[in-house]
Amino acid sequence: MTLPSEPLAPSDTNTDLVTVAAAQKGTHSGPTTRGKENIDARRNSNAEEAIDVVSVDASAEYCSETEQTEGGRPVRKRKAIAPFDEDTDMDTDDLLEQEVVKTKKKPAPRGKAKQTLNEDGTVKTPRKYTRKKTSAFSDDDDSNGKSRNTDQFTGKPGVAAETVFSKFKRTPKARIPYVKPEDPLDFDPSYVYSLARQYPDNYWRSHAESKTGMINKISEDHPLTLVDNAHIHDQAPITGMVLSPDGTMLATFCNLGSVKIWSLEDFSLLKTLRDANEEHIDEFYVGTFTPDQTMVLVGGKLKDRNNWSEADEDNNILPCPLKIFDILTGEVVTQLKGHGEELLCVKKVQFKGENYFLSGSQDGYLNKWHMESDWKTLKSMVQMADGVTCMAFTVSFVPNTGNKYFLAAADENLRLYDFEHATLLQTFENMYSSYCDCGKFIQPVDYPYPMPIPEESETVAPEEVSESSVKKGKMKAEPVAPVVKPQQFAYFISRGVELLDSEERMIAKDYNSCTLHKLVYPDSKGGKWYLTEVKRFQDEEYFSNAWLIKIASNGRYLMAPTCTGEVFIFNLKTGQVTGVLKDHDDVEVRDIIFHPTRPLLFTSADDGQVKVYSYKNSEDVDKALKDAATTEKKALEAAALISVATDLSAVSVKDEPEVIVDITDEDLTE
């Protein structure tokens, strides 16, 4: 078959136009036009070529020969007629096949986005736009802007015809707002104050203005003097003391591993406790009585009798247990093992009606011992391993919290713990440059008193609403003034040790000092605690740069022992030194205690002596004893009234007739 030398005009009927892109890159393919002139122009400019595909009804001159099928029907093979290219020897069919491959649509190359620079010279990241995906089950608009509920014939919005998918239409789920999970460590005012109401503590009950017999004023008009017949002593340093719960006995702890029980009626020795079965060396520093006063828990240091430490210039320290002595028999009934080094503090506490001991050690751990009702059988032990504390010196429980929280003097900081969960909550840092070794909650009588425990909020039932008060289904809410909640707080007194100069061995940073703090409770759920400084107590002659020295306060004065056998008396209101007691040798005064119901003050020191002070004037002594008797009488009367009320309530419950209801199987069936 021969082709004409000129390009043929395409047929006007049953023809399809195929656009073939030019081989050269960078040419622009515009809309295809028909006609001989356009074909010639594009052939000369190497642009697009137009190829006509002749249909089966075209002239036989431009089509291939017919073929016969088995049924006798003619089958025509359509061939495209393309202009002859003199520069190639390829057959028409091969040329057509090659051009068809070239006509496959390729994605247009994206233009290079213009880069925008930031101020610092970096390339600004372009924004990403995402196309919203629609689903066959969704009621969202189509991509062309028409709703799926638009009528397909009129184009007007309306109810779409029911389809197969409309029966299984997915109902969108309501979004549930995200609620932060409650943290058990968060402060919950309602829970904490309900504990305080159910398990009230006895903190702040005895102070200078409570009229319980405690020493009230110390001045030139009300001087103190030593009690003549009080001869309390031991053969080695007395590092600690503790009063019995009823205030009739005093226990002293000595470095020789002995505990002595003294009567405060005539200051006579009642009992000496020593562990006769211990093969190593005991040193006792701290202790506490059990509530029934039949046992005493003591702790300190246990040293290896057979091994010497050149570094410490002392015997090696062994794991140090707490020992519970029976006062009547003098024997050790229980040993609580869990500390690796010497004990620095121990305290008994009741939480939710259960009995506990809390101990701190130089190993950096605070141990929570859960005891049976007999106070000598251990249930379990939990170690508060916060991973931070090096030494925990003293602990004091936060008032009006049901003994849920306590503040510990640890290292150079004060740390707040959750006793219930045995977890460190907050750390108030850098109280002193070296370490803070003592802290106690007190009630200063010359400062504003904390607010009482908030009463339990009553649930008010919604009142009935008349029809006149309802308008369009909504009530008119009257504006309510916001209720100002009183903020709870407590006062805390601490003392510490400062760093020494390496050459002169003198205090490098500042004088020794004691600090009165104010611990502010959270006012909302999950809030934080705040510790602020109220006043700092210092004096040029006050030198107390040694550890294991405790302070005391009656709410009016701060008693601060020193390393030189003196006790400084600071006025809490003015911060001035009211007086100085100096009756010990030139050694560290370790401990000091105000008696809560008698006009007595005790100090112990490394000279092995306990000094007992009282009022010098007999009028002051008589007044204090009279106040103590009156307060005790009122307390007994109040306890009697509570006991009678409890008995009457129990009797009224018993006298109520019992209501017996017979329930048959038929009633259960119904």
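**View 1. Lysine 301 and glutamate 342 meet in a salt bridge.** In this predicted model, the N-to-O distance between the two side chains is 3.6 Å. The pair brings together distant parts of the chain, 41 residues apart: lysine 301 belongs to strand 13 (residues 295-309), and glutamate 342 lies in the loop between strand 16 (332-339) and strand 17 (343-351). Are these partners buried or exposed? Lysine 301 counts as buried because its relative accessibility is 13%, and glutamate 342 is buried too, at 5%.

**View 2. Strand 13 also supplies lysine 303, which forms a salt bridge with aspartate 314.** Here the closest N and O atoms are 3.2 Å apart. Aspartate 314 sits in strand 14 (residues 314-317), 11 residues away from its partner. Lysine 303 is buried, with a relative accessible area of 7%.

**View 3. Arginine 556 reaches glutamate 209 across 347 residues of chain.** This salt bridge, one of 20 in the structure, has its closest N and O atoms 2.2 Å apart. Arginine 556 is in the loop between strand 31 (552-553) and strand 32 (557-561), while glutamate 209 is in the loop between helix 3 (189-198) and strand 6 (224-226). Arginine 556 is buried at 9% relative accessibility, whereas glutamate 209, at 41%, is partly exposed.

**View 4. Four strands form an open antiparallel sheet.** Follow the strands in the order 25-28-29-30. Strand 25 (435-442) and strand 30 (530-538) are the edges, each pairing on one side only. From one strand to the next, the twist averages 25°. Eight bridges join strand 29 (residues 513-520) to strand 30, and leucine 516 stands opposite lysine 535.

Note on methods: Residues are numbered from 1 along each chain as its sequence is written. This is a predicted model: local features need pLDDT of at least 70, side-chain atom pairs count only at pLDDT 80 or more; totals for chains, interfaces and linings use all residues. Side-chain values use heavy atoms; hydrogens and water are left out. Two strands pair if DSSP finds at least two bridges between them. Helices (H or I, at least four residues) and strands (E, at least two) are DSSP runs, numbered from the N terminus. Axes are lines fitted to C-alpha atoms, for helices over the stretch in contact, and angles run from 0 to 180 degrees between N-to-C directions. A salt bridge is a side-chain nitrogen of Lys or Arg within 4 Å of a carboxyl oxygen of Asp or Glu. Buried means under 20% relative accessible area, exposed over 50%, partly exposed in between (1.4 Å probe, protein chains only).
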